[in-house]
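Open the model in your viewer and keep the sequence panel beside it. This tour tells you what to select at each stop and what you will find there.

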Amino acid sequence: MRLLLLPLLCLPALSAAATDVIVADFEGEDFGSWKVTGSAFGKGPVAGSLPGQMQVSGFIGQRLVNGYHGGDDALGTLESPEFKVERKFLNFLIGGGRFPGETCMDLLLDGKVVRTATGRYTQPGGSERLDWQTWDVADLAGKSVSLRITDKRTGTWGHINVDNIVQSDAPKTLELKKEFAITDRYLIWPVSRDPSQRQRFWFTLDGEEKPLLYADICLSNNPDFWVFTDLADHQGRKVTVTGTIPGVLGDAWEKVKISDTYPGEEVIYQEELRPQYHFSSRRGWLNDPNGMVWHDGQWHLFYQHNPYNHGWHNMTWGHAVSSDLFHWKEKPPGLQPDQEGYMYSGSGIFAPKGSTALPVKGDSLVLAYTANGNHGYEPGHKVVQSLAFSEDGGKTFTKFKGNPVLPHVVAENRDPKIFWHEPSKHWVMPLYYDGEDYGIYTSPDMVKWEKTSDYKIPTDGECPDLFELPVDGDAKNTRWIAWGAQGKYMLGSFDGKTFKPESGPHQHYFGAAYAGQSYDNAPDKRRVHIGWMRDTGAGFQGMPFNLQMTLPMDFTLRKQGDGIRLWSEPSKEVEGIRSATKDLNGLAFSSGQVDPLAEFKGGQYEIEAVIDVAATTASEVGFRIFDDHAAIWKPGDEQFTGARGKQAPVDGKLNVRIFVDTVSMEVFVNGTYVSKFIRQLPGTKPIRIVANGGEVKFDTLKVHTLKSVWK
Ligand code: FRU
């Protein structure tokens, strides 16, 4: 230890305040007069990262205290000699695990912990960057104190890193507490895309005891874009925001304000990569559709959402409503992270008066969600199933005081999809367990649940759906479909308690679609389904929003060549967004001919085609979309691009519908669905008909131009 308790030599002209006092800069070869136990901290400060560790950054000088000796599982402590409190603040750099009492640095007075600090992370991912933290120690002036750095934790983020502990009259971090009168819809934030810049904020309404929500926001002085906290449901009230941020972000914090608009709103839905007829969120990240329920003429679409940045985080239920499945209006979030933790996927249910034990007077809408306590802000919360209800037709939702309605069962059990089983007169909840395992629970009132059975969807997992459909429209001949996130399903029977598989897994959809679910309470017994179009690449780069939903589609069951199978059609509402149609019915086309589709460049088209297979001689037929060989069928082996298995003609015909939007393409071919993101930005390349080695004969060929739903 080179410097201990020595005043830092600092030019007086730079600061009128008293000079800083360095407690420890950890620049020496060993820990000097600090006492070390265990192995986590090694023999002395180290020059950056240790083997197997992500890159450590943010420390000052050449070395720091690194608790990753021997990896996460090594344990130890490091204790300073006593020193006198001589300044108002103690500033230090700290990084690593956020486990109070286990990966922490404590300030001790007479052997008692009087201040404590941890790193930031509990889950895989994150960053090894050290950040400033500040303790206000004015009340300890003149007292003798000491510091203890502790690593008592094994496993993920079971380590702590520290550097540059300095007494100062100026804090390195700002303790925030600001009350905003909610006079307009939004509290707006300038943010960076860099997830390592996250700062945690708590939002409390009118001095209530428990926070309404908490959020990690990458507040930035040089924002990549602006985001907002949507406070439409809390007009006229006051929200207090608290948090601790690095002092350098003081300017950005001054820009956080209540507003009826947010910078960027003037060009919303006109951004380069914005889907024009698929749902995408105004701001932030989107994954699974959630809470899908039809009620009173409105389709409710909730969705897994990070309102504050481009990637997955802050799991919130975004909320949008539509009367036609295409024109969506975004509402304030349905569920936000709070004491229960993150709001993971789940379902929306119409609950008629008297059908639940929830504290509601008449009919209600219920959201069944997974509260993921592993992502909570206080320890002791598990991954459990909870409910929220609405008595105003889905405008506002109240979390049930009796939550959770189903305590933790196993692993990260999640994604409850509740529905009413009329013959048994009870509620049913399929729940995802782990691997390919699911459980079934039943309840007379949605509050008391009992486990009735288990089932599997081999090679699938997550996000169950369970529903009944007539075969070829025959209400007397039905099957149940047990659906998983990857679009695989088991066909079978269900008696209200147990699902008995009869065949499967069958794969119904392919490509980017994932974690879809179907609507509860849809009119005309329709089984309307929407999926999330996920992307394994970088997503919608450079945009203030990320990813989109699939087209809405209707599921039916049909007897096909190899048995009873699901069949998808684009929901009929899509016809409402057609603006013009080019009709080429009866076309016979062979390669080399002038392509009648060459005029179609850019997004927003639907191609509707019925290919007469018997009259077709080409060995490959279909469509090339903006240079992407995406929708091509080979009559020889009946294989279709992107779909595994055969796509056999039905009555000698191949029915194809292709939907092209700004960056996506979706193909329905004889009831199967395949989707894909288009990497090539549209606008430059035309759509082309493919007829390799012969001729393709179309009974029907139409290209419908589709309108933007945002205009
Ligand atoms: C599926 C999923 C769900 C989970 C949610 C979290 O994509 O992993 O199982 O509830 O995402 O966002």
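The stops below go from the whole chain to single sheets, turns, peptide bonds and cavities.

**Stop 1: the whole chain**

Start with everything shown as a cartoon. This is a predicted model. The chain has one helix and 55 strands. Its radius of gyration is 29 Å, close to the 27 Å that the globule rule gives for 711 residues, so the chain is as compact as a globular protein of that length. Along the principal axes, the C-alpha trace spans about 95 × 60 × 50 Å.

**Stop 2: the annotated region**

Select residues 278–564 and colour them. An unreviewed UniProt entry annotates this range as "domain: Glycosyl hydrolase family 32 N-terminal". How much of the range is helix, and how much is strand? Helix makes up 0% and strand 53%. Now mark the C-alpha atoms at the two ends of the range: they are 30 Å apart.

**Stop 3: a five-strand sheet**

Select β22, β23, β24, β25 and β41. These five strands form an open sheet, in the order β25-β24-β23-β22-β41. The pairing is mixed. Which strands stand at the edges? They are β25 and β41 (545–546). Each has a single partner strand, so one side of each is left without a neighbour in the sheet.

Zoom in on β24 and β25. They run antiparallel and are joined by four bridges. Pick Val 321 and look across: Lys 329 in β25 stands opposite. Show side chains while you are here. In a regular strand, side chains alternate between the two faces of the sheet.

**Stop 4: a four-strand sheet**

Next, select β26 to β29. This open sheet has four strands, ordered β26-β27-β28-β29, and its pairing is antiparallel. The edge places go to β26 and β29 (398–399). Each of these has a single partner strand, so one of its sides has no neighbour in the sheet.

Then narrow the selection to residues 364–372 and 383–390. These are β27 and β28, antiparallel strands joined by eight bridges. Find Leu 367; its bridge partner in β28 is Ala 388.

**Stop 5: a hairpin**

Select residues 437–443 and 450–456, which are β32 and β33. The two strands pair in the antiparallel sense over six bridges. Thr 442 stands opposite Glu 450 in β33. Together β32 and β33 form a hairpin, with six residues between them. In the turn, click Met 446: its phi is positive, about 70 degrees.

**Stop 6: backbone exceptions**

First, a rule to keep in mind. Most residues other than glycine have a negative phi, and most peptide bonds are trans.

Go to the loop between β29 and β30 (419–421), where Pro 404 is found. A cis peptide bond joins Asn 403 and Pro 404, with omega about -5 degrees. Ala 411 is also in the loop between β29 and β30. Its phi is positive, near 45 degrees.

Now jump to strand β37 (residues 499–507), which holds Pro 505. The peptide bond from Gly 504 to Pro 505 is cis, with omega near 0 degrees.

**Stop 7: the largest cavity**

Turn to the empty space inside. How many cavities of 30 Å³ or more does the structure hold? There are three. The largest cavity contains about 170 Å³ of space.

Select Phe 228, Asp 230, His 305, Pro 307 and Pro 333. Of the 19 lining residues, these lie nearest the centre of the largest cavity. Four elements give two or more residues to this lining: β19 (225–230), β23 (298–306), β24 (316–322) and β25 (329–335). Colour domain 2 (174–259) and domain 3 (268–570), since each gives at least three residues to the lining. By class, the lining has seven nonpolar, seven polar and five charged residues.

**Stop 8: the second largest cavity**

Finish with the second largest cavity, which holds about 60 Å³ of space. Select its lining residues, among them Pro 289, Asn 290, Ser 345, Asp 415, Lys 417 and Cys 463. The elements giving two or more residues are β22 (284–295), β26 (342–351) and β39 (513–518). Which of them gives the most? β39 does, with three residues. By class, the lining has five nonpolar, five polar and two charged residues.

Note on methods
Residues are numbered from 1 along each chain as its sequence is written. This is a predicted model: local features need pLDDT of at least 70, side-chain atom pairs count only at pLDDT 80 or more; totals for chains, interfaces and linings use all residues. Side-chain values use heavy atoms; hydrogens and water are left out. UniProt positions are given in the numbering used here, feature names are shortened, and annotations may be inferred rather than shown by experiment. Two strands pair if DSSP finds at least two bridges between them. On a 1 Å grid over the protein atoms alone, a cavity is a set of points where a 1.4 Å probe fits but cannot get out, and a pocket is an open set with protein on both sides within 12 Å along at least five of seven lines; lining residues have an atom within 4 Å of a point. Grid points are joined across faces, edges and corners, and a volume is the space filled by probe spheres set on the points. Ala, Val, Leu, Ile, Met, Phe, Trp, Tyr, Cys and Pro count as nonpolar, Asp, Glu, Lys and Arg as charged, and the others, Gly among them, as polar. Domain bounds come from an automatic or database domain assignment. The radius of gyration is taken over C-alpha atoms; the globule rule is 2.2 Å times the number of residues to the power 0.38.
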